[in-house]
Amino acid sequence: MSAIQPISNELSPSPRRAEGGPVSQRNLILIGGLYHDFEPSAQTLAGILGEVGIHSDITSDIDAGLADLDAYDLLTVYALRWTMPQEKFAAQRERWAFSLGDAQRAAIERHLAAGRGLLVLHTGAICFDDWPRWRELVGAGWTWGHSFHPPHGLVNVRPSAVSHPITEGLEAFDFDDEAYTQMDLAPGLQPLAQVKAAAQDSWSPCLWARDVGPARMVFDALGHDSASFNHPTHRQIVQRAALWTLKQTLTTSRP
């Protein structure tokens, strides 16, 4: 299996609470794809979540990871894996093209039906393009030829007027990342934050939180690399987002 931290087919769920100890929360991070250093970035992400009591396993083997999803409290999709029908990706299809099978789709649905968390980061919204339900779960989709982002560089991020514990008390900030623009958004979506690249005049939604039946989902369009996750404010957003999906108290997140 291609993985940073191997996931065995014999993996069994760990106890949700150790005797006399704190609640143990387990997170599966799915990675892999073009144009991004997913492995080191995911390791940074795992360290940040570890600070708030979330243990992460990281794998680029999406099928095997989802086969063990019942062992996890949180699913994080931080990958760029889709069917790649566009001709410009013909040379990369053999390595990176991916279609989510019925068993894997059922695993995600079962995870959500059990009230467990879903965190989708950056390119995760582009994944699983042949499964319309994924776009419905995330609340947005990437439309090739319409959606885009300016080159990686300075962006400004500002919280919206929507009150939510993920963004409570946070100020606007600037850092280097990508400003996803003109995504296909679900009707009635309430962004928690907006992003604008230095060369852009208009703002685009980049963060939102949604209830999905008994489960919770957060999408964060930021997170191109480790530097993005390590920015103090974005670091806090990611920690709060993960805890919110897990229905945990957000005050445990460090500033």
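**Exercise 1. Place Phe148 among the elements of the chain, then describe its surroundings.**

Step 1. Phe148 sits in the loop between β5 (140-141) and β6 (153-159). Helices and strands are DSSP runs numbered from the N terminus: H or I with at least four residues for helices, E with at least two for strands. The model is a predicted one, in which local features need pLDDT of at least 70, side-chain atom pairs count only at pLDDT 80 or more, and totals for chains, interfaces and linings use all residues. Residues are numbered from 1 along each chain as its sequence is written, and side-chain values use heavy atoms, with hydrogens and water left out.

Step 2. Check exposure. Phe148 has a relative accessible area of 35%, so it is partly exposed. The classes are buried (under 20% relative accessible area), exposed (over 50%) and partly exposed (in between), with a 1.4 Å probe and protein chains only.

Step 3. List the contacts (heavy atoms within 4.5 Å). Leaving out residues up to four places away in sequence, Phe148 touches Trp142, Ala179, Tyr180, Thr181, Gln182 and Gln200.

Step 4. Add a distance. Phe148 and Met183 are 35 residues apart along the chain, and their C-alpha atoms are separated by 7.7 Å.

**Exercise 2. Describe the fold in overall numbers.**

Step 1. Count elements. The protein has seven helices and eleven strands.

Step 2. Check burial. Of its 255 residues, 54% count as buried.

Step 3. Look at contact range. Among contacts with a separation of 6 or more, 70% come from residues 24 or more positions apart.

Step 4. Take the surface. The accessible surface is about 11100 Å², and carbon and sulfur atoms hold 49% of that. Areas come from the Shrake-Rupley method with a 1.4 Å probe; for residues, only the protein chains shown count as cover.

**Exercise 3. Which residues lie closest to the centre of the largest pocket?**

Step 1. Get the volume. The largest pocket holds about 200 Å³ of space. A pocket is an open set of points on a 1 Å grid over the protein atoms alone, where a 1.4 Å probe fits, with protein on both sides within 12 Å along at least five of seven lines; lining residues have an atom within 4 Å of a point.

Step 2. Read the lining. Of its 13 residues, the closest to the centre are Tyr35, Ile126, Trp142, Trp144 and His149.

Step 3. Sort the lining. It divides into eight nonpolar, three polar and two charged residues. Here Ala, Val, Leu, Ile, Met, Phe, Trp, Tyr, Cys and Pro are nonpolar, Asp, Glu, Lys and Arg are charged, and the others, Gly among them, are polar.

Step 4. Follow Tyr35. It lies in the loop between β1 (25-30) and α1 (38-50). Its relative accessible area is 63%, so Tyr35 is exposed. Its phi is near 70 degrees, a positive value in a residue other than glycine.

**Exercise 4. Is Asp177 buried or exposed, and what does its side chain reach?**

Step 1. Place it. Asp177 lies in strand β7 (residues 173-177).

Step 2. Classify it. Asp177 counts as buried because its relative accessibility is 0%.

Step 3. Find the partner. Its side chain reaches the backbone nitrogen of Gly223 at 3.0 Å.

Step 4. Widen the view. Beyond four places in sequence, the contacts of Asp177 include His122, His152, His224 and Ser228. The C-alpha atoms of Asp177 and His224 are 5.9 Å apart, with their positions 47 residues apart in sequence.

Step 5. Turn to His122. It is found in the loop between β4 (117-121) and α5 (132-138). His122 is buried, at 0% relative accessibility. Its phi is positive, about 55 degrees, although it is not a glycine.

**Exercise 5. Which side chain makes a polar contact with that of Asp220?**

Step 1. Place Asp220. It is in strand β11 (residues 215-220), and it is buried, with a relative accessible area of 3%.

Step 2. Name the partner. A polar contact of 2.6 Å joins the side chains of Asp220 and His234. Such a contact is a pair of N or O atoms within 3.5 Å; within protein, one must be able to donate a hydrogen and the other to accept it, and residues adjacent in sequence count only if both atoms are side-chain atoms.

Step 3. Describe the partner. His234 is in helix α7 (residues 232-245). At 0% relative accessibility, His234 is buried.

Step 4. Compare neighbours. His122 is among the residues that Asp220 contacts. Gly223 is one of those that His234 touches.

Key
Grid points are joined across faces, edges and corners, and a volume is the space filled by probe spheres set on the points.
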